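Reader: I'd like to learn how to read a fold like this one, starting with what counts as inside and outside. Could you walk me through it?

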Amino acid sequence: MRRIDAHQHYWLIERGDYGWITPDLSVLNRDFLPGHLAPHLAEHSLSGSIVVQAAQTLEETEYLLSLARENESILGVVGWLDLQDPDHHRYFEQFQAQPKYVGFRIMIQEMADAREILTPAFIQALQKYASLDVPIDLLLRSDQLEALVTLVDSVPGLRGVVDHIAKPRIAEAQLEPWLSHMQRLAEHPNLYVKLSGMVTEAKHHAWEQKDFTTYIQSTLEMFGPERVMFGSDWPVCLLAADYDQVIEILLQAIPPHWGEMELAQLFGGNAERFYKL
């Protein structure tokens with residue numbers, strides 16, 4: 001199995017896609033490209049990564065696909081689609097024609113009301129993509145999980161992965177209702193979870209290892225070793241921790257009974273299977 005970082009981002013600031021990267025986010029307000037990630041991949045014997053969209057534009061997806069054509073370390077690109085756009089399937093077919101396009105991400109986090117995903121048109125679109133077995137990333141906060149639980153009950157065949165363990169309120173050590181909702185999601189065998197994006201949900205630069213342990217171990221127990229993926233969320237993680245620390249936080253929380261096979265799945269095997277690499 002290849003070792004894979006299943007979730008990271010690249011951006012070129014001058015493109016203007018990233019309105020959320022403001023000057024006060026000085027750590028992130030610069031270019032992040034494959035050459036910047038390469039030393040971290042090498043340090044941790046990672047074969048490459050899945051680069052995920054960070055802007056709600058078709059143009060950014062095209063840009064990431066152009067980077068993928070030039071860089072072997074990019075194993076797959078998760079793009080963006082607007083499922084409220086009547087032409088979404090046409091754009092999907094255009095992207096799918098490119099070898100490293102592996103799916104798209106739904107940014108529930110950015111919706112004013114998470115119940116937007118429960119509208120008939122949205123559900124119908126997802127049922128179509130589920131019938132095609134398209135991998136779909138799901139970005140949301142823990143307070144939006146109830147809507148997602150309802151959605152996956154309506155689209156039981158959805159091949160989905162919950163990014164950043166659904167962003168529980170780690171800084172407040174709050175487990176519920178995150179835990180109960182995640183248990184419901186775990187009942188769907190086609191749903192995976194990325195153990196990523198956790199450090200930015202903790203107290204930035206004031207976190208401790210113990211802050212993450214219960215969330216990580218609960219996720220591993222609910223979804224098992226075959227439906228979890230490591231993702232660095234680099235460079236967003238730099239707001240709270242460096243690449244090495246992100247990996248160490250995860251490793252320190254791994255149950256003692258996990259062996260080499262389970263670790264191999266977490267650090268690449270599951271990503272390879274989910275994204276059909």
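Author: Sure. Start with a cut-off: a residue is called buried under 20% relative accessible area, exposed over 50%, and partly exposed in between. Keep in mind that this is a predicted model.

Reader: Okay, then is Lys 194 buried or exposed?

Author: Lys 194 has 0% relative accessibility, so it counts as buried.

Reader: And which residues does that lysine pair with in salt bridges?

Author: The general idea is that side chains of opposite charge can pair when their charged atoms come close. Here, Lys 194 forms a salt bridge with Asp 137, with the closest N and O atoms 2.7 Å apart. That pair ties together distant parts of the chain: Lys 194 sits in strand E7 (residues 191–195) and Asp 137 in strand E5 (residues 136–139), 57 residues apart. Lys 194 also meets Asp 163 in a salt bridge, at 3.8 Å from N to O. That second pair is 31 residues apart in the chain, with Asp 163 in the loop between strand E6 (160–162) and helix H6 (178–186).

Reader: Why does Asp 163 count as buried?

Author: Because its relative accessible area is 0%. Asp 137 is buried too. Add Arg 105 and you have a network of salt bridges linking Arg 105, Asp 137, Asp 163 and Lys 194.

Reader: How many salt bridges does a search of the whole structure find?

Author: It finds 13. For a contrasting setting, try Lys 210 and Asp 211, whose side chains meet at 3.8 Å, N to O. Lys 210 is exposed, with a relative accessible area of 57%, while Asp 211 is partly exposed at 23%.

Reader: Now the sheet. In what order do the strands come, and how do they pair?

Author: In general, strands of a sheet pair through backbone hydrogen bonds, either parallel or antiparallel. In this model eight strands form an open sheet, in the order E1-E2-E3-E4-E5-E6-E7-E8, and the pairing is parallel. E1 and strand E8 (228–230) stand at the edges with a single partner strand each, so one side of each has no neighbour in the sheet. Ignoring direction, neighbouring strands are turned by 25° against each other on average.

Reader: Is edge strand E1 mostly covered or mostly open?

Author: Mostly covered: five of the five residues in E1 (residues 4–8) are buried. Three bridges join E1 to the parallel strand E2 (residues 48–52), and Asp 5 has Ser 49 of E2 as its bridge partner. Together with helix H1 (residues 34–43), E1 and E2 make a right-handed β-α-β unit.

Reader: What joins strands E3 and E4?

Author: Four bridges join E3 (residues 74–80) to E4 (residues 101–107), and the two run parallel. One place to look is Trp 80, whose bridge partner in E4 is Arg 105. That arginine is the one from the salt-bridge network.

Reader: Which residues does Thr 61 touch, leaving aside its neighbours within four places in sequence?

Author: Thr 61 is in contact with Gly 79, Trp 80, Phe 95 and Tyr 101. Thr 61 belongs to helix H2 (residues 58–70) and is buried, with a relative accessible area of 0%.

Reader: How about helix H5: which of its residues are buried?

Author: An α-helix has 3.6 residues a turn, so residues three or four places apart point the same way. In H5 (residues 145–154), the buried ones are Leu 145, Ala 147, Leu 148, Val 149, Leu 151 and Val 152. What covers them includes helix H4 (120–131), E5, E6, H6 and E7.

Definitions and conventions: Residues are numbered from 1 along each chain as its sequence is written. This is a predicted model: local features need pLDDT of at least 70, side-chain atom pairs count only at pLDDT 80 or more; totals for chains, interfaces and linings use all residues. Side-chain values use heavy atoms; hydrogens and water are left out. Buried means under 20% relative accessible area, exposed over 50%, partly exposed in between (1.4 Å probe, protein chains only). Two strands pair if DSSP finds at least two bridges between them. A crossover is right-handed if, with the strands pointing away from the viewer, the path from the first strand over the helix to the second runs clockwise. A salt bridge is a side-chain nitrogen of Lys or Arg within 4 Å of a carboxyl oxygen of Asp or Glu. Contact means heavy atoms within 4.5 Å. Axes are lines fitted to C-alpha atoms, for helices over the stretch in contact, and angles run from 0 to 180 degrees between N-to-C directions.
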